[in-house]
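User: Please take a close look at one part of this model, the strand pairing and the packing around it. Keep it brisk and stay with what the coordinates give.

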Amino acid sequence: MNFEEIRGYCIVKKGVTEGFPFDSDTLVFNVMGKMFALISPSGGKSPNKSPQMNLKCEPLQAQELRDIFEAVIPGYHMNKKHWNTVILDGSIPKSEIERM
């Protein structure tokens, strides 16, 4: 998935708002005032040059996803218990990213 697909998927969910509260390059999605996803329109390049996004997750599920997918790592600059960074390198099916 790319930035436009992710934004389109998130913004149509009931009660979701978006904004740039931190800087002009990190789009944050909120529901009821709580962050659940962050992504950079410019790609937010990971060390392997693939775009990435941060997704909030239940702690047990966060670890399970890291164990299953190499492209899911502890949340970059986030509470690693509750956040995962998903590297958008094409290795995770679109349906799984949407489920996350």
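Analyst: Five bridges join β2 to β3, and the two strands run antiparallel. This is a predicted model. One of the facing pairs is L27 in β2 with I39 in β3. The hairpin of β2 and β3 has two residues between the strands, and M32 there takes a positive phi near 55°.

On its other pairing, β2 meets strand β1 (residues 16–19). That pairing is also antiparallel, over four bridges. Here E18 stands opposite F29 in β2. Strand β2 covers residues 27–31, and four of the five are buried, so the rest of the structure largely encloses it.

F29 deserves a closer look. Its relative accessibility is 0%, so F29 counts as buried. By the ring-pair rule, the count comes to one aromatic pair. That pair is F29 with F36: the ring centres are 6.2 Å apart and the planes stand at 40°, so the pair is tilted. F36 is at 23% relative accessibility and therefore counts as partly exposed. The pair thus joins a buried ring to a partly exposed one.

Next, β3 (residues 34–39) leads on to β4. Three bridges join them, and they run antiparallel. A37 stands opposite L55 in β4. From β4 the pairing continues to β6, again antiparallel, with five bridges. There K56 stands opposite W83 in β6. Strand β4 spans residues 52–56. Four of its five residues are buried, so β4 is largely enclosed by the rest of the structure.

Within this region, M53 has many partners to list. Leaving aside neighbours within four places in sequence, M53 is in contact with I6, L38, I39, N84, T85, V86, L88 and I97.

One of those partners, T85, lies in strand β6. At 0% relative accessibility, T85 counts as buried. Its side chain makes a polar contact of 2.5 Å with the side chain of N54. The T85 side chain also reaches the backbone nitrogen of Y76, at 2.7 Å. Setting aside residues up to four places away in sequence, T85 touches Q52, M53, N54, A71, V72, I73, P74, G75 and Y76.

Now the nonpolar core. In soluble globular proteins, nonpolar side chains tend to be buried together. Here the largest nonpolar core has 21 residues, and F29, I39, M53, V86, L88 and I92 touch the most other members. The elements giving two or more residues to this core are α1 (3–11), β2, β3, β4, α2 and β6. Of these, α1 gives the most, with three residues.

Helix α2 (residues 59–68) is the last piece. Its buried residues are A62, L65 and R66. They cover an arc of only 100° around the axis, which puts them on the same side of α2. An α-helix has 3.6 residues a turn, so residues three or four places apart point the same way. The buried residues of α2 pack against β5 (72–74), β6 (83–87) and α3 (94–99). The face turned away from that buried side carries the exposed residues L60, D67 and I68.

Methods: Residues are numbered from 1 along each chain as its sequence is written. This is a predicted model: local features need pLDDT of at least 70, side-chain atom pairs count only at pLDDT 80 or more; totals for chains, interfaces and linings use all residues. Side-chain values use heavy atoms; hydrogens and water are left out. Buried means under 20% relative accessible area, exposed over 50%, partly exposed in between (1.4 Å probe, protein chains only). The arc is that of the directions from the helix axis to the C-beta atoms. Contact means heavy atoms within 4.5 Å. Two strands pair if DSSP finds at least two bridges between them. Rings of Phe, Tyr and Trp (its six-membered ring) pair if their centres lie within 6.5 Å; planes under 30 degrees apart count as stacked, over 60 as edge-to-face and the rest as tilted. A nonpolar core is a set of buried Ala, Val, Leu, Ile, Met, Phe, Trp, Tyr and Cys residues joined through side-chain atoms within 4.5 Å. A polar contact is a pair of N or O atoms within 3.5 Å; within protein, one must be able to donate a hydrogen and the other to accept it, and residues adjacent in sequence count only if both atoms are side-chain atoms.
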